[in-house]
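Please look over the sequence and the structure below before reading on. The report after them is meant for someone meeting this structure without earlier knowledge of it.

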Amino acid sequence: MNLRTWWNDKTRRGGVLLAAAVLVAAVTGRDFVAQRKHFAVHRGPGVTQVWRLSDFLPSLAGTRGDTEVFVLAGRKPGATVLVMGGIHANEPAGHVAAVTLVESAVMEAGRLIVIPTTNASGFTAGDPQEANPPAFSLATRTGLRWFRYGGRGSAAVDQWPDPDIYLHHPSGQSLSGNQTRNMNRAFPGRADGNFTERCAFAVTELVRREKVDLVIDLHEASPEYPVINTIVAHERAMALAVSVAMGLELRGIKIGLEASPPNLRGLSHRELGDHTPALAVLMETANAAEGRIRGRMTPELIVTGRDKMYVKAAKAGRLFVSYDERGHPLEQERVLRHLAGIEEFMKAWTEENKERPLLPATYPEQAIIEKEGLAPYLRASADAL
Ligand SMILES: [Zn+2]
């Protein structure tokens, strides 16, 4: 029997194709399941309590949306600030800055509440056709520290299918269907809504019940996006944001300031500012890894921000940030910007509200990060991701 007659037998052919399918499913399935495994954020010396989002919306219990909420309460009373990283899991500076706070900051007065993986589902899968690596690592004094790199929205396995058009609740604003899994279009959320709306609702409930005074949402954007290295502030938070921008300039960190557009609904700074008493802002840094004109996608690109295509684009005057061979490093520039911004927000708040301060006792220092990166502030991972 030659190969052709052997292959012409339907049963044999079916068997071979089935075996191939099982092999592909086993290999890709292993990676898929591995990325859905929970990864630990170490509890640093300043953590006084750990909550979960399901404490604020019980129906999230047992879902991928139920993530840890770290509370760092000072010895003395004061105000409450909420820092959110990872609403977009493909914007690592916010996530890493939040983890750094949990692992190293200690409050003296007031409460710092930190959610490092605000859309936890987003960390369990990358975006289709982006070739995102599932993880990247940073060096610490005790070994490598691993972080997950995910996609922009909740994973499709947690919320499916996308409608043709996404109608934001409660404004009724219409957006393209895939925005239905974008948590930063889902605020204020609703308790009986889709998965992403429920995650957003739990955050809104936390802000209300815990009487959060100030919300800082950490993001990144591609270097060709106009709103970059910028604070976006709700109108009630604008005066505070102006002081922060000046404070950052004095530290050698140039930052822009934008008003939160009143007609763009679903964003944390717009909706938490409108629906809760909190002052709400967002901060953006430059991430080439999520840009459209980047070259090869690698874990190094996430960490160094070095990319030849962006250097070319900058020379052609196409970008909103400067870009040269030095790139935009995650630790010394992007995470530092977020950490310095949060510190300046606490300082500016305290100047305005002396009887309800936000005072850190220990906080990651700019000079040390510029010299050594985040190594002194992070603990190594037990296992590689
Ligand atoms: Zn974002």
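The sections below take up a metal site, a surface patch, a buried threonine and some unusual backbone positions.

## The zinc site

This is a predicted model, and a zinc ion is one of the features to examine in it. The zinc ion is coordinated by His 88 and His 219, each through ND1, and by Glu 91, which appears twice among the donors through OE atoms. The distances from these donors to the zinc ion run from 2.0 to 2.5 Å. The site has 4 donor atoms, and with angles among them of 56 to 149° its geometry is classed as irregular. The class follows because four donors count as tetrahedral only if all angles lie between 85 and 135 degrees, and the range of 56 to 149° at this zinc ion goes beyond those limits.

Along the sequence, the donor residues follow the spacing H-x2-E-x127-H. Two of them link distant parts of the chain, since His 88 belongs to the loop between β3 (76-84) and α3 (92-104), while His 219 belongs to strand β9 (residues 214-221), and the two are 131 residues apart. His 88 is buried, with a relative accessible area of 4%, and His 219 is buried as well, with a value of 2%.

## A nonpolar patch on the surface

Leu 3, Trp 6, Trp 7, Val 16 and Leu 17 together make a nonpolar surface patch of about 500 Å². Two helices, α1 (3-8) and α2 (10-36), each supply at least two residues of this patch, and α1 gives the most, with 3 residues.

Leu 3, one of the residues of the patch, has its place in helix α1. With a relative accessible area of 68%, Leu 3 is exposed, because a residue is called exposed when this value is over 50%.

## A buried threonine and its contacts

Thr 204 lies in helix α4, which covers residues 195-209. Its relative accessibility is 1%, so Thr 204 counts as buried. When residues up to four places away in sequence are not counted, Thr 204 touches Phe 187, Pro 188, Leu 272 and Thr 276.

Two of these contact residues, Phe 187 and Pro 188, are themselves joined by a cis peptide bond, for which omega is about 0°. Pro 188 is placed in the loop between β8 and α4, whereas Thr 204 is within helix α4 itself.

## Unusual backbone positions

Another cis peptide bond is found between His 169 and Pro 170, and here omega is about 5°. Pro 170 sits in the loop between β7 (165-167) and β8 (174-176).

The backbone also holds residues that have a positive phi although they are not glycines, including Ala 131, with a phi of about 55°, and Lys 211, with a phi of about 50°. Ala 131 is in the loop between β4 (106-115) and β5 (135-140), and with a relative accessible area of 60% this alanine is exposed. Lys 211 has its place in the loop between α4 and β9, and this lysine is likewise exposed, with a relative accessible area of 62%.

How values were computed: Residues are numbered from 1 along each chain as its sequence is written. This is a predicted model: local features need pLDDT of at least 70, side-chain atom pairs count only at pLDDT 80 or more; totals for chains, interfaces and linings use all residues. Side-chain values use heavy atoms; hydrogens and water are left out. Patches are made of residues with over 30% relative accessible area and no salt bridge: like charges are joined within 9 Å, nonpolar side chains (Val, Leu, Ile, Met, Phe, Trp, Tyr) within 5 Å. Accessible areas come from the Shrake-Rupley method with a 1.4 Å probe; for residues, only the protein chains shown count as cover. A salt bridge is a side-chain nitrogen of Lys or Arg within 4 Å of a carboxyl oxygen of Asp or Glu. Helices (H or I, at least four residues) and strands (E, at least two) are DSSP runs, numbered from the N terminus. Buried means under 20% relative accessible area, exposed over 50%, partly exposed in between (1.4 Å probe, protein chains only). Donors are N, O and S atoms within 2.8 Å of the metal (3.2 Å for Na, K and Ca); water is not among the atoms, so sites may look incomplete. Four donors count as tetrahedral if all angles lie between 85 and 135 degrees; four count as square planar and six as octahedral if opposite donors are over 155 degrees apart and all others between 65 and 115; anything else is irregular. Contact means heavy atoms within 4.5 Å.
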